[in-house]
Amino acid sequence: MPVTRRTFLVGAGALALPVVLAGCGFVQSAPAERRTGTLTFTTWGTDAELAGFRAAIAAFEAANDGVTVELNAVPYEQMFTNIDAQLQAGNPPDIFRVPYYTFGAYAGRGQLLDLGPLLSADRESQFTPQAWAAVQNGDGTFGLPHHTDTSAILVNLGLLRQAGIDASEIPTSPDDAWTWEELDALGERLRAGLPADRWPWAYNWQGNGVTRWLSLLFQSDGAFLESDQRTPAIDSDAAREAVEFSRSFFTKDYVPANNTIASSSYAAESWFSQSVAMVWSGAFQLPDADSTADFEWTATYAPRNVRAGGDFGGNALVATANTTQPELAAAFLEFVTDAQPMRDFCRAASLLPTRADLLNDDLEFDVRSDLAPVFAAQASVVQPQDVAQVASPSMSAIIPVLKEQLDLAFTGAQDTATTVTNLQSGIGAATGA
């Protein structure tokens, strides 16, 4: 069952989206020399995502006679190997798509175009503070935030009922989200009420998804980097609390034994197979759940501790530093992140927009639109200072440290104090601090 949609190769778009020509005043007012030429654009994506990009490209080309945007769709597994090789060879695409946790490495190496001087004066105000923080590096703006996603909790209502838990106990607002203490009590009830081959939940921290563990650190009001995005800050009581809490998922048998960082099985697989009652998941899983889950399900908010917190997933669109068409590249990035193209893209792909004017009561998904407000509200609790850390230029080097040390903790090979000590020194080595 394909539950890791974002990593699959997808071919020509199967979904037709309407071409949008309205609401793009920037392009209409741009000088003619910024509206001619060819751009190359490399991305991966689901069928819905690629269809959304193609629709935006068609609209941009229609509004700008003489402009061509060549889209190159590749498998996610090959995406950054290809980009890195092209950057090294000096022939990268003009534009590419990049996760926020990888963005900082490219910006920090001077491989991205500083869009700041080329953008409309009011561009920053159109995005949420969290999204804008994700594309900053030093004093420059090196991309535009295209969409985001964050982890809420998908719930199998039948398994909850089997354990004697009523749907009325599921939180209905972020302020009412389960505290860590309440989640632990729920885990005890689920563990006692479910068969031995069923578990309370699974967490989506496999592979590079280890960055989602940081949500627990943020919920304890902790940090792993200081504001300079370089000095390690994880040696704290907040981090020890987060490590100990997540270790308890294993010691209390709340998660399957293979729900580790290094597991080759994604957390969502265990939820789709009804091995777990709940799973941390992004909204991008909703189409698969709607089409394949043969049980009653819903979504609720991630837990809170000292404060609410979450992961800032999703992707930015960036231009490479040596593009020969910097003005045209900036114009295209502004066009794609205008309100209507972003609304259409996110609605079809079950993703969250990064524009503040789209995160409102009108937000809809084509699939399970009733759950769009849950994910939007979850995204609203993410703090800009948390996002800025994940966008550090050293994040690609920090991720292996998180993987190694947390997996040792979760498998019982290392205690909490040692884990945090090793995280502090490992992050320092990764950043060169």
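A residue counts as buried when its relative accessible area is under 20%, as exposed when it is over 50%, and as partly exposed in between. Keep those cut-offs handy as we walk through this structure, which is a predicted model.

Let's start on the surface. Glutamate 182 has a relative accessibility of 39%, so it falls in the partly exposed class. Its place is in helix α8, which covers residues 180-193. Glutamate 182 also has company: together with Asp175, Asp176 and Glu181, it gathers in a surface patch of negative charge.

Next up is helix α2, residues 47-63. What span should its 17 residues have, and how far apart are its end C-alpha atoms? At 1.5 Å a residue the helix should span 24 Å, and the end C-alpha atoms are 24 Å apart, so the two agree. The buried residues of α2 are Ala48, Glu49, Leu50, Ala51, Gly52, Phe53, Ala55, Ala56, Ile57, Ala59 and Phe60. As a bit of background, an α-helix has 3.6 residues a turn, so residues three or four places apart point the same way.

One name in that buried list, Glu49, takes us to the salt bridges. How many does the structure hold? There are 18 salt bridges in it. Here are three pairs, with the distance between nitrogen and oxygen for each.

| Positive partner | Negative partner | N to O distance |
|---|---|---|
| Arginine 97 | Glutamate 49 | 3.3 Å |
| Arginine 123 | Glutamate 334 | 3.3 Å |
| Arginine 212 | Aspartate 311 | 4.0 Å |

Take the pair of arginine 97 and glutamate 49, whose closest N and O atoms are 3.3 Å apart. Arginine 97 lies in strand β3 (residues 95-99) and glutamate 49 in helix α2, so this salt bridge ties together parts that are 48 residues apart in sequence. Is arginine 97 buried or exposed? With a relative accessibility of 0%, arginine 97 counts as buried. Glutamate 49 is buried as well, at 2% relative accessible area.

Now for arginine 123 and glutamate 334, whose side chains meet in a salt bridge at 3.3 Å, N to O. Arginine 123 lies in helix α5 (residues 123-126) and glutamate 334 in helix α13 (residues 326-336), so the parts they tie together are 211 residues apart in sequence. Arginine 123 counts as buried at 3% relative accessibility, and glutamate 334 is buried at 0% relative accessible area. There's a further member to meet here: Arg123, Glu334 and Asp338 are linked in a network of salt bridges.

The pair of aspartate 311 and arginine 212 meets at 4.0 Å, N to O. Aspartate 311 lies in the loop between β10 (297-300) and β11 (313-319), while arginine 212 lies in the loop between β8 (199-202) and α9 (214-219), so this pair ties together parts 99 residues apart in sequence. Aspartate 311 is buried, with 11% relative accessible area, whereas arginine 212 is partly exposed, with 24%.

Finally, a look at some backbone angles in loops. Which value does phi of aspartate 253 take? It is near 60 degrees, a positive value in a residue other than glycine. Aspartate 253 sits in the loop between α10 (237-251) and α11 (267-272), and it is partly exposed, at 35% relative accessible area. Glutamine 274 also has a positive phi without being glycine, near 65 degrees. Its loop runs between α11 and β9 (276-281), and at 25% relative accessibility glutamine 274 counts as partly exposed.

Notes: Residues are numbered from 1 along each chain as its sequence is written. This is a predicted model: local features need pLDDT of at least 70, side-chain atom pairs count only at pLDDT 80 or more; totals for chains, interfaces and linings use all residues. Side-chain values use heavy atoms; hydrogens and water are left out. Patches are made of residues with over 30% relative accessible area and no salt bridge: like charges are joined within 9 Å, nonpolar side chains (Val, Leu, Ile, Met, Phe, Trp, Tyr) within 5 Å. Accessible areas come from the Shrake-Rupley method with a 1.4 Å probe; for residues, only the protein chains shown count as cover. Lys and Arg count as positive and Asp and Glu as negative; His and the chain ends are not counted. The place of a charge is taken as NZ of Lys, CZ of Arg, CG of Asp or CD of Glu. Helices (H or I, at least four residues) and strands (E, at least two) are DSSP runs, numbered from the N terminus. Buried means under 20% relative accessible area, exposed over 50%, partly exposed in between (1.4 Å probe, protein chains only). The expected span of a helix is 1.5 Å times one less than its number of residues.
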